[in-house]
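These are my notebook entries on one protein model, written down in the order in which I looked things up.

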Amino acid sequence: MKATVFEEFGGPEVLHVGDVDEPHAGPGQVRVRVKAAGVNPMDWKIRHGWMQEVMPVELPSVPGLEAAGVVDEVGEGVTDFAVGDEVVGSAVRAYAEHALMTVAVKKPAGLDWNRAVALPVAGETASRVLGALGVEKGETLLVHGAAGAVGAIAVQFAVARGATVIGTASPANHDYVSSLGATPVAYGDGLVERVRAAAPQGVDAVFDTAGKGALPDSIELRGGTTDRVITIADMAAQQLGVAFSGGGSTPEQRRSYLTDALALAAEGALDVRVARTYTLAEAADAHAESEAGHARGKLVIVP
């Protein structure tokens, strides 16, 4: 089958389309004919070789951690799904014509493939981190990278909880961030002053989805404490004493988070934006755009 492959670690240019063996569903798995695969920062961090100590991969490797598609093979012990079901969830080697899914739920009929695949990683991450931060009604949350796939979902979940949200984004994305219910501020020099002007009441918690070096400013905005500051993207977290959240949800929690997010999106109660779609052959361009960090919404691979 056709897949996007990399045979060495490096920049986006190492990605290319190749022929790989079709996977087959093992116990507890389903195989899908991929309709859409999500692009996540973890994909290019793995491609660079930066995650080998914690998430080792063997080369050649196929990227992709989430997919939406039609079940065409069911593994031993699977009773919740049948061939022909439309599903979305966590996957392995998803930039391909077929992929194995490890955590899946049925896709709502009214939700298109591209928006559905925007939710497995982003919905779980936003739900998990907001829970860890303990964001409550009446509090003020600062979200770095508010226009990105995870940031946009986190903003909406926090607003739904009754929180006031300040979201950092490039000026070109400020109208989008406002439409999600947050007050937009530009990142970069002078961030502390801009956030204080937007939130004179202070900041109760910080969720960094961008990893663009905003943690020192975040600590200052929290009065010098790292309490209630969490990043999912800045590898300097440990040196600064900031919590780095990279997972930890159980499969049952991930299914619950995803089911809830999909239902909200299908009802129109959750704004899910797809920034751009790419083919398997264009995956290098997708990774380059993701690494640049300015996409408004989700980047999607369509085999």
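**Entry 1: a charge over a ring**

I began with Lys45, whose charged end sits over the ring of Trp44, 5.9 Å from the ring centre. I noted that the model is a predicted one. I then looked up a second case: the charged end of Lys107 sits over the ring of Trp113, 4.7 Å from its centre.

**Entry 2: aromatic pairs**

How many aromatic pairs does the structure hold? I found two. In one of them, the rings of Phe6 and Phe9 have centres 6.2 Å apart and planes at 50 degrees, so I recorded the pair as tilted. A tilted pair has planes between the limits of 30 and 60 degrees. I looked up the accessibility of both residues. Phe6 is buried, with a relative accessible area of 0%, whereas Phe9 is partly exposed at 31%.

The rings of Trp44 and Trp50 have their centres 6.2 Å apart and their planes at 80 degrees, so this pair is edge-to-face. Is Trp44 buried or exposed? Trp44 has a relative accessible area of 11%, which means that I count it as buried, because the limit for buried is under 20%. Trp50 has a relative accessible area of 54% and is exposed.

**Entry 3: helix α1 and its surroundings**

Trp44 and Lys45 led me to helix α1, residues 41-48. Its buried residues are Asp43, Trp44, Lys45, Ile46 and Arg47. Against what do the buried residues of α1 pack? I found them packed against β3 (30-38) and α10 (283-292). After α1 comes Gly49, with a positive phi near 90 degrees.

**Entry 4: strand β3 and its partners**

I turned next to β3, which is mostly covered, with seven of its nine residues buried. I then listed its pairings.

- Strand β4 (residues 66-74) runs antiparallel to β3 and is joined to it by seven bridges; the partner of Arg33 in β4 is Val70.
- Strand β6 (residues 98-106) is also antiparallel to β3, with four bridges between them; Val30 stands opposite Met101 in β6.
- Strand β14 (residues 298-301) is joined to β3 by two bridges and runs antiparallel; Gly38 has Val300 as its bridge partner in β14.

For my own reference, I added that strands of a sheet pair through backbone hydrogen bonds, either parallel or antiparallel.

**Entry 5: an open parallel sheet**

In what order do the six strands of the open sheet stand? I read the order as β9-β8-β7-β10-β11-β12, with parallel pairing. The edges are β9 (183-185) and β12 (243-244); each has a single partner strand, so one side of each is left without a neighbour in the sheet.

I followed the β9 edge further. Strand β8 (residues 164-168) pairs with β9 in the parallel sense over three bridges. Gly167 has Pro184 in β9 as its bridge partner. Helix α6 (residues 191-198) lies across β7, β8 and β9, and it runs at about 160 degrees to β9.

**Entry 6: Glu139 and Arg228**

I looked up Glu139 in the loop between α3 (120-133) and β7 (140-144). Glu139 has a relative accessible area of 17% and is therefore buried. Leaving out residues up to four places away in sequence, Glu139 touches Gly134, Ala163, Thr164, Asp204 and Arg228.

Which side chain forms a polar contact of 2.7 Å with that of Glu139? The side chain is that of Arg228. Arg228 has its place in another setting, the loop between α7 (215-221) and β11 (229-231). At 21% relative accessibility, Arg228 counts as partly exposed, because buried requires a value under 20%.

I also noted that the side chain of Arg228 reaches the backbone oxygen of Gly134 at 3.1 Å. Not counting residues up to four places away in sequence, the residues that Arg228 touches include Leu133, Gly134, Val135, Glu139 and Asp204. Asp204 is thus recorded as touching Glu139 and as touching Arg228.

My final reading was a distance: Arg228 and Ser256 are 28 residues apart in sequence and 24 Å apart in space, C-alpha to C-alpha.

Definitions and conventions:
Residues are numbered from 1 along each chain as its sequence is written. This is a predicted model: local features need pLDDT of at least 70, side-chain atom pairs count only at pLDDT 80 or more; totals for chains, interfaces and linings use all residues. Side-chain values use heavy atoms; hydrogens and water are left out. Buried means under 20% relative accessible area, exposed over 50%, partly exposed in between (1.4 Å probe, protein chains only). A polar contact is a pair of N or O atoms within 3.5 Å; within protein, one must be able to donate a hydrogen and the other to accept it, and residues adjacent in sequence count only if both atoms are side-chain atoms. Contact means heavy atoms within 4.5 Å. Rings of Phe, Tyr and Trp (its six-membered ring) pair if their centres lie within 6.5 Å; planes under 30 degrees apart count as stacked, over 60 as edge-to-face and the rest as tilted. A charge sits over a ring if NZ of Lys or CZ of Arg is within 6 Å of the ring centre and within 35 degrees of the ring normal. Two strands pair if DSSP finds at least two bridges between them. Axes are lines fitted to C-alpha atoms, for helices over the stretch in contact, and angles run from 0 to 180 degrees between N-to-C directions.
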